[in-house]
Amino acid sequence: MRGLDDALEDAVQVHDGGLWGDAWRRLRRNKAAVASMLVLATLTIMVIIGPWLSPYKPAQLDWTYMWSPPSLIDGHLFGTDSLGRDLLVRTLHGGRVSLLVGVVSTIVSLVIGVGYGALAGYVGGRVDAIMMRVVDIFYAMPFLFFVILLMVFFGRHPVLIFVAIGAINWLDMARIVRGQTLSLKHAAYVDAARLAGSSGARIIRRHIVPNLLGVIAVYVTLTVPQVILVESFLSFLGLGVEPPATSWGTLVNEGAREMETAPWLLIFPATFLAVTLFCCNFIGDGLRDALDPKDR
Amino acid sequence: MLGYALSRATAAIPTLFLLVTLAFFLIRLAPGGPFDNERQLSPAIEANLQQRYHLDEPLLQQYGRYLWGIARGDFGPSFQYPDLTVTQLIAAGFPVSFTLGGCAMTLALIVGVLLGAIAAINQNGIVDYGVMTVAMLGISMPSFVLAPLLILWLAVYLGWLPAGGLESWRHFVLPVITLAAAQIAFIARLTRGSLIEVLSAQFIRTARAKGLPMHVIFLRHAAPAALAPVVSYLGPATAGIITGSVVIETIFGIPGLGRHFVNGALNRDYTLVLGVVLFYGLLVIVLNLVVDLLYAWLDPRVKY
Amino acid sequence: MRWTQRIAEVNRQPLLQVSDLLVEYPLRGRIRRAVDKVSFDVYPGQTVGVVGESGCGKSQTMLAILGLLDRNARVRGTAHYKDHQLIGLPARLLNRVRGARIAMIFQDPMSALNPHLRIGTQLREILSAHTQLNAGAARARIIEMLTAVRLPEPEPSLRRFPHELSGGQRQRVMIAMSLLCEPDILIADEPTTALDATVQADILELLGEIMRNSNMSLVLITHDLGVVAGICERVIVMYAGRVVESGLAETIFYHPQHPYTQGLLRCSARMAWRRQDRLPTIPGQLPDAGSPAAVGCRFAPRCQHCFDRCNRETPELGAWRDGHAKACHLEQLP
């Protein structure tokens, strides 16, 4: 419950671009986050452009070069697998799938979370209480099991994969959006009662919305790695995207099976995966610190 | 306290109900299941299912039978192994998974809290940054990446520990460590944040002003307050361990519930998969109840 | 008037002697000085009020003396208590003084007490730390003290948690807790600010009664002059980390010598100096503590009597007369 004076004080402190400017400056000072952003950007570019630059195709078999370790001479920079497929181009292709799933599923997650939370906050009352109770119950459930359940029952359509993975992580977002919606309702009352003219509404919109965007930004950067992780889990278990499409999880699975004889098959995709997750987490953490310094 | 426990227990019942009902209808909706007339199943399974599910009876009666079966612990026959019931498979696999998960959870709690405490006490020092970076690694590194790497290093190259199977206690070491890794990281971060907040609280300053020795302040004042968030994290932590066990058991070839689940998933053994999910769902609900009670005991401000 | 009886402090030894106390915080390359060369004495059995607006350093001073500041605080200067120099004393030795010889109570009793522990436990532990009393004797002593501070139902309260008591009751518990080991000095940091007005009066009366019945000294930190007028014999006025005036309460109230003190008195709505239509204020704001060592009087920008010398030379706390000191270049306040 925010007091009247709090609400008014907030309304008065309108930053012109100040909120984002401050946050950006603080983020820039976080060296780990900056390095992560650079690495991630580089990775994304490699993944998008790389396959076009490579002379090999991911499904291209090369019987002369099976099981060959990475070398600069024969052009297979990352080596090849049991069927002579170039690992580098496969890794990059896998990256496309993994990153795509990351983005799309996060958006799905966002939509579900925001929708659910906004609805709960807007309607309020008992419906809200029940909806939040459901969230509480789901919070400790191993969601992955349900996803696998769905995969088993309904097949491995890519759309289903995106949606199912996205449905894993909407709980936090729902809670936060609901909280913000509630306070928005409250502030709107204050607005109608106290402030004259439309300036009040604009002030509140200029303050609540940037707040919400900040939270969304943090949430997105922290969800993407989780989603990628889930997708690679599924792929690793053989339940993800169907071949010939490949993702980092599938590559790690294949690599793990051959790791005693051809460790490079494991190490390269694993490194890409781990580095991506690492960077995303650092950026997410850094963003969270930048937007709310008192958390540290 | 008892009243609180009862009220929380009764609140859990609708959830269970929902879960079971969903499961019931899911089985019937699944394409390629026994209730789908297009799919051809082996006659052995077909007969088994006909017998179990009394498919000629009205739907509501089937639902009733299903509920009654669940209440008695009968999850139906397995599709993969026509002679075995799901219940038997679960009973075989669960003790193994429980041992694995229990050890991992214990390890995660002990190591995680210790690391978090060390980081908090040395806040913003080298030790703090070091611990937190390692924690970040733990969170970012998927268990199925860590596991093969550890196997490669400790089992293949160094030969210290076995790579798979479950004959001796040695076989437990790598799986438990790998399973616990991610949770250690989460718990360490949680403990650190919580402890830092508690150490700057007013009542700690009062304790110092009273001239109390450091260890008393730490153990009696700081610890219970700082550990409260860790206790409420136990629910999601267990969910994480259960999830992780699926992969770990597959990689290390451990005959636990997780591996049964994966095999069931790959072989479209609907009843098994469903049975496992229901079983774990039940487990998680019970565990959450316990955690709620534990938290209420820890924090006297919780009203019950 | 009771305070006139204590004027002859010249012949007694001060219990606590603080000299040139300095508290600094390094902040992003700059140094923020919270307490700037503060000196004062506390005599046995005396009630001293430390007055000033929020942020003037009054709490920081007392916390520094007891070593209760954050780790990044830099403290210099001396604080002599009996034979010990408290500043920089290792924790092991400091713990023998804290709670037992010099006690401190804080502003908000709800956050100052541990919400997870019962009242009885929190009271008992201070006795365990400093005395050899056995369980029975300790319990008797605690109940005796709780009765003395007029806490209703002292025995059942022992098993209760802080959130089960009212604000006033919690503060009584805090006071009782601080008195259990019979300290020589009790420092009370805004003990009534977080309480309702009626409860405030009760607590102050309690403190007054305690002072009358013992030889303990009380250092009362507050921003409320009304509180000071009630029970303090001496008053120290602080502004921006410095002591600007100190003396007997009577003198400070009726013959203030520093423009800031005068302004404070005028602002206090309870002191109806003159009937005016608007509540008087001191124009301007506290100076930014991040720019210390600036020469000149800190109050100059807001002072209506400020003249040339005020900006050139920092006024030192100099004796005026009869134990009254001020830090001002003015010879006499009009």
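Q: What counts as a helix or a strand here, and how many of each does chain C have?
A: Helices (H or I, at least four residues) and strands (E, at least two) are runs assigned by DSSP, numbered from the N terminus. The model is a predicted one. Counted in this way, the secondary structure of chain C amounts to 12 helices and 12 strands.

Q: What percentage of the residues in chain C are buried?
A: A residue is taken as buried if 20 or more other C-beta atoms lie within 10 Å of its own. Chain C has 334 residues, and the buried share of them is 44%.

Q: In what order do the four strands of the open sheet in chain C stand, and is their pairing parallel or antiparallel?
A: As a general matter, the strands of a sheet pair through backbone hydrogen bonds in either of two senses, parallel or antiparallel. In the open sheet of four strands in chain C, the pairing is antiparallel and the order is S2-S1-S4-S5.

Q: Why is one side of strand S2 and of strand S5 of chain C left without a neighbour in the sheet?
A: The open sheet of chain C has the order S2-S1-S4-S5. Strand S2 (30-42) and strand S5 (84-85) of chain C stand at the edges, so one side of each lacks a neighbour in the sheet, because each has a single partner strand.

Q: Which residue of S4(C) stands opposite C:Val18?
A: Strand S1 (residues 16-27) of chain C runs antiparallel to strand S4 (residues 74-81) of chain C, and seven bridges join the pair. Opposite C:Val18, the residue in S4(C) is C:Ala79.

Q: Is strand S3 of chain C largely enclosed or open, and how many of its residues are buried?
A: On one side of S3(C), C:Thr47, C:Gly49 and C:Val51 are buried, and on the other side C:Val48 and C:Val50 are buried as well, which leaves both faces covered. Strand S3 (residues 47-51) of chain C is therefore largely enclosed by the rest of the structure, the buried count being five of the five residues.

Q: Which residue in S9(C) is the bridge partner of C:Val48?
A: S3(C) pairs in the parallel sense with strand S8 (residues 217-222) of chain C over five bridges, and in that pair C:Val51 stands opposite C:Thr222. S3(C) also runs parallel to strand S9 (residues 234-239) of chain C, to which four bridges join it. In S9(C), the bridge partner of C:Val48 is C:Arg234.

Q: Which helix gives the largest share of the side of chain A that touches chain B?
A: The contact takes 33 residues from chain A and 32 residues from chain B. On the side of chain A, the elements that give two or more residues include helix H5 (125-139), helix H9 (199-237) and helix H11 (264-291) of chain A. By class, this side divides into 29 nonpolar, three polar and one charged residue. The largest share, eight residues, comes from H11(A).

Q: Which element gives the largest share of the largest nonpolar core?
A: The largest nonpolar core has 233 residues, and among those with the most contacts inside it is A:Val252. The residues that A:Val252 touches include A:Leu266, A:Leu273, B:Phe144 and B:Val145. The largest share of this core, 17 residues, comes from H11(A).

Q: Which helix gives the most to the side of chain B that touches chain C?
A: Here 17 residues of chain B are in contact with 22 residues of chain C. The chain B side has eight nonpolar, four polar and five charged residues. With six residues, the helix that gives the most to this side is H8(B).

Methods:
Residues numbered from 1 in each chain as written. Chains lettered and ligands numbered in written order. Predicted model: local features only at pLDDT ≥ 70, side-chain atom pairs only at ≥ 80, totals over all residues. Pairing = 2+ DSSP bridges. Buried ≥ 20, exposed ≤ 12 C-beta atoms within 10 Å, placed from the backbone. Contact = placed C-beta atoms within 7 Å. Nonpolar A, V, L, I, M, F, W, Y, C, P; charged D, E, K, R; others polar. Core = buried A, V, L, I, M, F, W, Y, C linked by C-beta atoms within 7 Å. Lists of a residue's contacts leave out its neighbours within four places in sequence.
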